[in-house]
Amino acid sequence: MKKSSAWFLCIALLFTLTVPAQAAYTVRNAAYAQTLWKYGLFLGDGRSFALDKPLTRAQGAVLLVRLLGKESELVSYPHPFTDVPDAYAPYVGYCYTRGYVTGLDATHYGSEDPLTAAQFLTLTLRALGYDSNRDFAWDTSADFAYQIGMIDRANHARLVSDAAFLRDDAVYILYQALITNIRGTNNALVQSVTLPGHPDGDVPAATDIEANEALALSAGYPDLYERRPVGDDFFSDAAFVGDSIMTAFEVYTKLTPPDYLAAVSMTLKGAWTKPAVSRPDGSSVTIVDALGERQYGKIYIELGLNEIGNSKETFRARYEELIVRIREIQPDADLYLMSPTPVGRYVVSYADIYTHKRIHEYAELIRSIAADNACWYVDLIDALADEDGYLPDEVSSDGIHFGRATYLKWADYLRTHYAGEVG
């Protein structure tokens, strides 16, 4: 888009729909993000603008090149840095060659390091023709931006505060830079640069959480996606079924009001054959019988770790038998099948059956059972494991059982991974 006017950009903003804010971070500048997206300046990852995330140094270089209208002219510009991903190399190389950016040292750019407000403002002021050695000092760039009218009082206060500098702040600065006059002229930057233009696809959501909200509401079984956290009253119509790990979950998290129907050494078949749930009169009933005593909207099942020595065929048959029996008495309940909890590296030294490979194989088997039986799948490996899929060494002495902090992490995962709409 050549010779675009600042007036037209402002009008476009007025007709941009504001993306709803989320609980974890109140998005302030979603409308700016949407407008900048339409002009090809701020794209996100195709599904989310990630406005609640920091802006990295590599991303800052990309935005500066687009702000200058130079993206279409990029070639292979040299730079000395060894930590710049290939996708960012042309942008960092251009900015380095032009003197807009420097590295952390001779060979490291710090691609994934977050930019500060002062640093990003310095980049945008340079795009407007100002010199950080002559016109302003980089560490007081917010003051200078306020003095020339690029940012307003409220945003100046935020940008000089201790608040984290986020992509949400960056889109505000980008937009204001576009409608600010280039140094020594009466022309706004937007009138002097060629903007990339409207990208393909739908406008991204403001944050990953909001993108996941939309995906969760439209997705079929079995996967869940991170969403805005629900309160504990979400579990008021829930039953938590399981073995000793679930009994510990109740003790450590004190999450109420779910009904806990769990027992030490409980198995899939034992859920309908072993009287293990105590009643007020001193008698005991099976878990399945106990489930028939009231209606539930959600039933979470944490079973199977005691049976991963069985063949996968036997495991599947017993799990599907349990699902059938539960659905006979709870036809309207959402069933959430939990993967086995991850195990630590130490476990294999004393229990060959609990290998990393086997745990992950049976987790995938449970996911398959969930998909085939219209159930939801709760990925506890995703929730609790380290980057290699193991239970972290520091949270467990035996590699299987763990303490309060891990259970609380599990509970938080359930609060952000759920099905259906929440009022």
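1. A nonpolar core, as the term is used in this note, is a set of buried Ala, Val, Leu, Ile, Met, Phe, Trp, Tyr and Cys residues joined through side-chain atoms within 4.5 Å. The model discussed here is a predicted one, and in it the largest nonpolar core has 74 residues, with F240, F249, I299 and W410 having the most contacts inside it. Helix 14, which covers residues 356-372, gives the most to this core, namely 7 residues. Apart from this core lies another one, of 63 residues, which includes Y39, A127, L159 and Y175. As general background, nonpolar side chains tend to be buried together in soluble globular proteins.

2. The surroundings of F240 are worth tracing in the structure. If neighbours within four places in sequence are left aside, F240 is in contact with F235, M246, F249, L255, P258, D259, Y260, L261, Y300 and L414. One of these, F249, is also listed with F240 among the core residues with the most contacts.

3. For the protein as a whole, the secondary structure comes to 16 helices and 7 strands, and the C-alpha trace spans about 85 × 45 × 35 Å along its principal axes. Of the 423 residues, 50% count as buried, while the exposed area is about 19,300 Å², of which carbon and sulfur atoms supply 50%. Among contacts with a separation of 6 or more, 68% are made by residues 24 or more positions apart.

4. As for charge, the protein has 36 positive and 55 negative charges, and the mean positions of these two sets are 4 Å apart.

5. Is D223 buried or exposed, or does it fall in between? Its relative accessibility is 23%, and because buried means under 20% and exposed means over 50%, D223 counts as partly exposed. D223 is placed in the loop between helix 9 (208-218) and strand 1 (238-242). Not counting residues up to four places away in sequence, D223 touches R367, W376 and Y377, and a polar contact of 2.6 Å joins the side chains of D223 and R367. D223 and A419 are 196 residues apart in sequence, yet their C-alpha atoms are 9.1 Å apart in space.

6. Q176, which belongs to helix 8 (residues 167-178), can be read in the same way. Its relative accessibility is 12%, and since the cut-off for buried is under 20%, Q176 counts as buried. Setting aside residues up to four places away in sequence, Q176 touches Y32 and M150, and the side chains of Q176 and Y32 are joined by a polar contact of 3.5 Å.

How values were computed. Residues are numbered from 1 along each chain as its sequence is written. This is a predicted model: local features need pLDDT of at least 70, side-chain atom pairs count only at pLDDT 80 or more; totals for chains, interfaces and linings use all residues. Side-chain values use heavy atoms; hydrogens and water are left out. Helices (H or I, at least four residues) and strands (E, at least two) are DSSP runs, numbered from the N terminus. Buried means under 20% relative accessible area, exposed over 50%, partly exposed in between (1.4 Å probe, protein chains only). Contact means heavy atoms within 4.5 Å. Accessible areas come from the Shrake-Rupley method with a 1.4 Å probe; for residues, only the protein chains shown count as cover. Lys and Arg count as positive and Asp and Glu as negative; His and the chain ends are not counted. The place of a charge is taken as NZ of Lys, CZ of Arg, CG of Asp or CD of Glu. A polar contact is a pair of N or O atoms within 3.5 Å; within protein, one must be able to donate a hydrogen and the other to accept it, and residues adjacent in sequence count only if both atoms are side-chain atoms.
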